[in-house]
Amino acid sequence: MRCEGRQADGRSILSLMTLGAAHGAELELEAEGEGAQDLIQALIQLFAGGFSELD
Amino acid sequence: MHFWKQFRAKACSVSLAGATKDDVLRELVTNLVEGGSLAGALSDKAFVALVEREKMATTGVGQNVAIPHVRVPGLTQTAAALSLHRAGLPWGSVDDEPVHLVFTVLRPERAGEHHDPEQHLEMMRWIARLSRSSDFRSFALQARTRTELVDLLKEMSSV
């Protein structure tokens, strides 16, 4: 996952925290390997649904 | 970067003793109050916020570290502490490992004279970088006094 030139490993919450991505930040997601397409699709759904935290 | 200055030694601890997560959360709040980082009148609100946060999802980020980080109504500036639980405590962490190091961060609900959300986010990035550093973790676990914990934060302020 990338944000403003910084890169983090999406599998690690601590790594993601180092992105310093504030609300409204633009993120770039990249996945590779088996199931990469499905993973990105699932993430798109999560973002679109506000991670079930928005009404 | 002087984020370490947000950590008062007296609000930190090298001897967390609680046997449950709730006990430890209460201990963390008490230490913040006794250390002069949190007004006593806000202690119940802070405790409730921490308990509710854990219910939403664990703050145990793995590698024996927990980062409980919540907004507290009525708070005007960040209150932070680094605390050590030598025996280790089950925290429902992402890697199922017990928690030994706890970064507690209470923040105001909104921006104000003493609270800059952008600086706050930078501080959280720094805390995440520290937590990922095996050097930091191993030195923190060896700290004998809370002053040593803050000295370590100062030493690693540019991590």
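Two residues are in contact here if their C-beta atoms, placed from the backbone, lie within 7 Å. The tour below uses that sense of the word throughout, and the model it walks through is predicted.

**Stop 1: B:Ala46**

Select B:Ala46 and show what surrounds this residue. Setting aside neighbours within four places in sequence, B:Ala46 is in contact with B:Val29, B:Leu38, B:Val72 and B:Leu106. Now colour the largest nonpolar core, which has 48 residues. B:Ala46 is among the members that touch the most others, together with B:Phe7, B:Ala81, B:Leu82 and B:Leu106. Several elements each supply at least two residues of this core: from chain A, helix 1 (13-17), and from chain B, helix 1 (21-34), helix 2 (43-56), strand 2 (65-66), strand 4 (79-89), strand 5 (99-107), helix 3 (117-132) and helix 5 (146-155).

**Stop 2: helices 1 and 2 of chain B**

Keep B:Ala46 in view and select helix 1 and helix 2 of chain B. Their axes are 10 Å apart and the helices pack at an angle of about 145°. Helix 1 of chain B passes helix 2 of chain B in a right-handed crossing. By class, this contact has 7 nonpolar, 1 polar and 4 charged residues. To see them, show B:Lys21, B:Asp22, B:Leu25, B:Arg26, B:Val29 and B:Val33 on the helix 1 side of chain B. They meet B:Ser43, B:Ala46, B:Phe47, B:Leu50, B:Val51 and B:Glu54 in helix 2 of chain B.

**Stop 3: strands 4 and 5 of chain B**

Move on to strand 4 of chain B. Of its 11 residues, 8 are buried, so strand 4 of chain B is largely enclosed by the rest of the structure. Add strand 5 of chain B, which is mostly covered, with 9 of its 9 residues buried. Strand 4 and strand 5 of chain B pair in the antiparallel sense over 7 bridges. For one of these positions, select B:Leu82: its bridge partner in strand 5 of chain B is B:Phe103. B:Leu82 was also met at the first stop, among the core residues that touch the most other members.

**Stop 4: strands 2 and 3 of chain B**

Stay with strand 5 of chain B and look at its other pairings. Strand 2 of chain B pairs with strand 5 of chain B in the parallel sense over 2 bridges. Here B:Ala66 stands opposite B:Val102 in strand 5 of chain B. Strand 3 (residues 69-71) of chain B also pairs with strand 5 of chain B in the parallel sense, over 3 bridges. Select B:Arg71 to find B:Arg107 of strand 5 of chain B opposite.

**Stop 5: the loop before strand 2 of chain B**

Step back along the chain to B:Gln63, in the loop between strand 1 (60-62) and strand 2 of chain B. Most residues other than glycine have a negative phi. B:Gln63 is not a glycine, yet has a positive phi of about 55°. B:Asn64 lies in the loop between strand 1 and strand 2 of chain B, and its phi is near 70°, again a positive value in a residue other than glycine. Is each of these two residues buried or partly exposed? B:Gln63 is partly exposed, with 19 other C-beta atoms within 10 Å. B:Asn64 is buried, with 22 other C-beta atoms within 10 Å. The cut-off for buried is 20 or more.

**Stop 6: B:Arg125 and chain A**

Select B:Arg125, in helix 3 of chain B. With 17 C-beta neighbours inside 10 Å, B:Arg125 counts as partly exposed. Which residues is B:Arg125 in contact with, leaving aside neighbours within four places in sequence? They are A:Met17, A:Thr18 and A:Gly20. Widen the selection to the whole contact between the chains, which takes 6 residues from chain A and 11 residues from chain B. The residues of the chain A side divide into 4 nonpolar, 2 polar and no charged.

**Stop 7: chain A**

Finish by showing chain A alone. Chain A has 2 helices and 2 strands, and along the sequence they follow the pattern β-β-α-α. The C-alpha atoms of chain A fill a box of roughly 30 × 25 × 15 Å, taken along the principal axes. Buried residues make up 9% of the 55 residues in chain A. Its helix 1 (13-17) nevertheless supplies at least two residues of the largest nonpolar core.

Notes. Residues numbered from 1 in each chain as written. Chains lettered and ligands numbered in written order. Predicted model: local features only at pLDDT ≥ 70, side-chain atom pairs only at ≥ 80, totals over all residues. Nonpolar A, V, L, I, M, F, W, Y, C, P; charged D, E, K, R; others polar. Helix = DSSP H or I, 4+ residues; strand = E, 2+ residues; numbered from the N terminus. Buried ≥ 20, exposed ≤ 12 C-beta atoms within 10 Å, placed from the backbone. Core = buried A, V, L, I, M, F, W, Y, C linked by C-beta atoms within 7 Å. Axes fitted to C-alpha atoms, helices over the stretch in contact; angles between N-to-C directions. Left-handed = near helix turned anticlockwise from the far one by under 90°. Pairing = 2+ DSSP bridges.
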